[in-house]
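Biologist: I would like to learn how to read helix packing and burial from a set of coordinates. Could we work through an example?

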Amino acid sequence: MTNEDVFETIKTKEASLPERTAEQISRLIREQQLTSEDKLPSESELAELLHVGRGTIREGVKLLVARNVLEIRRGKGTYIAPNPGEISDPLGFAYCPDQLRLAMDLVEIRRQMEPWVARMAAEHADAEDIRQLRESCSVVEQDILSERDHSHNDVLFHVAIAKCTHNLVVPKLIPIITYAVKLFVSLTESRLRMETIVGHREILEAISDRDGQRAEKAMEQHIEHNRALLQEIVSKLKQEETDGP
């Protein structure tokens, strides 16, 4: 028995039958290396395989849907989620009462983390990574030039950079970047449109050229533009509070 098996045995010893079934389905997904392109076996197939009733399978699947391991596609069936186990706001940022202060704190985290991620991306990206990153950059530009909300595709650009690192841990940090980017665009009302286009292009070309130092510097400058604008907004609000009505 491996260490992982021992851990799973301890973890599920006191769990309910649906919870143990959910863990068995999760293990099946890992062992068979299923992806978001793969459909989960039917209830009857899983019930026979795991030696439980279809009702238990149904409850186990509900647990995994809630945990974003599985997703139900209407009219198609149950599939593996694109990023199994990853939820959009795992740290509860949305419930922070002072979102502006949160934005400032998040940008400080990004200043420390993302330049290194950009360097890693430049050093480890393959040709397909570069192609996808270039495509993602283009989509953001199209959004901005068409005056559409670019926050979603801006997030995807930064996600693509993280994936270029081929590091197993970096993608797990994505929810921090995701929330930070969306919050920044919302608070600043997309004021850094052209700066975003230029910054993304510089990061893209540095990674494409496999120049880690230049990629790191480009990301530092990109985030510094964000930090400076947020600081301007904070200072303006403080001044308004001081002046009063």
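Modeller: This is a predicted model. Two packed helices are described by the angle between their axes and the distance between the axes. Here helix α6 (residues 127-145) packs with helix α7 (residues 151-164) at about 165 degrees, and their axes lie 9 Å apart.

Biologist: Why are α6 and α7 called roughly antiparallel?

Modeller: Angles over 145 degrees count as roughly antiparallel, and the angle here is about 165 degrees, so α6 and α7 are roughly antiparallel to each other. Their crossing is left-handed.

Biologist: Which residues in α6 meet α7?

Modeller: From α6, the contact involves D129, L133, S136, C137, V139, V140 and D143. From α7, it involves N153, D154, L156, F157, A160, I161 and C164. By type, the residues of this contact are 9 nonpolar, 2 polar and 3 charged.

Biologist: Now single residues. Is N226 buried or exposed?

Modeller: Buried means under 20% relative accessible area. N226 has 6% relative accessibility, so N226 counts as buried. N226 belongs to helix α10 (residues 212-243).

Biologist: What is N226 in contact with, leaving aside neighbours within four places in sequence?

Modeller: N226 is in contact with V107, R110, F184 and L192.

Biologist: And S26, in helix α2 (residues 17-31): what is its relative accessible area?

Modeller: The value for S26 is 12%, so S26 is buried. Setting aside neighbours within four places in sequence, S26 is in contact with L64 and V69. As for A81, it is 55 residues from S26 along the chain, and their C-alpha atoms are separated by 12 Å.

Conventions
Residues are numbered from 1 along each chain as its sequence is written. This is a predicted model: local features need pLDDT of at least 70, side-chain atom pairs count only at pLDDT 80 or more; totals for chains, interfaces and linings use all residues. Side-chain values use heavy atoms; hydrogens and water are left out. Helices (H or I, at least four residues) and strands (E, at least two) are DSSP runs, numbered from the N terminus. Buried means under 20% relative accessible area, exposed over 50%, partly exposed in between (1.4 Å probe, protein chains only). Contact means heavy atoms within 4.5 Å. Axes are lines fitted to C-alpha atoms, for helices over the stretch in contact, and angles run from 0 to 180 degrees between N-to-C directions. Angles under 35 degrees count as roughly parallel, over 145 as roughly antiparallel, 65 to 115 as roughly perpendicular and the rest as oblique. A crossing is left-handed if the near helix is turned anticlockwise from the far one by less than a right angle, and right-handed if clockwise. Ala, Val, Leu, Ile, Met, Phe, Trp, Tyr, Cys and Pro count as nonpolar, Asp, Glu, Lys and Arg as charged, and the others, Gly among them, as polar.
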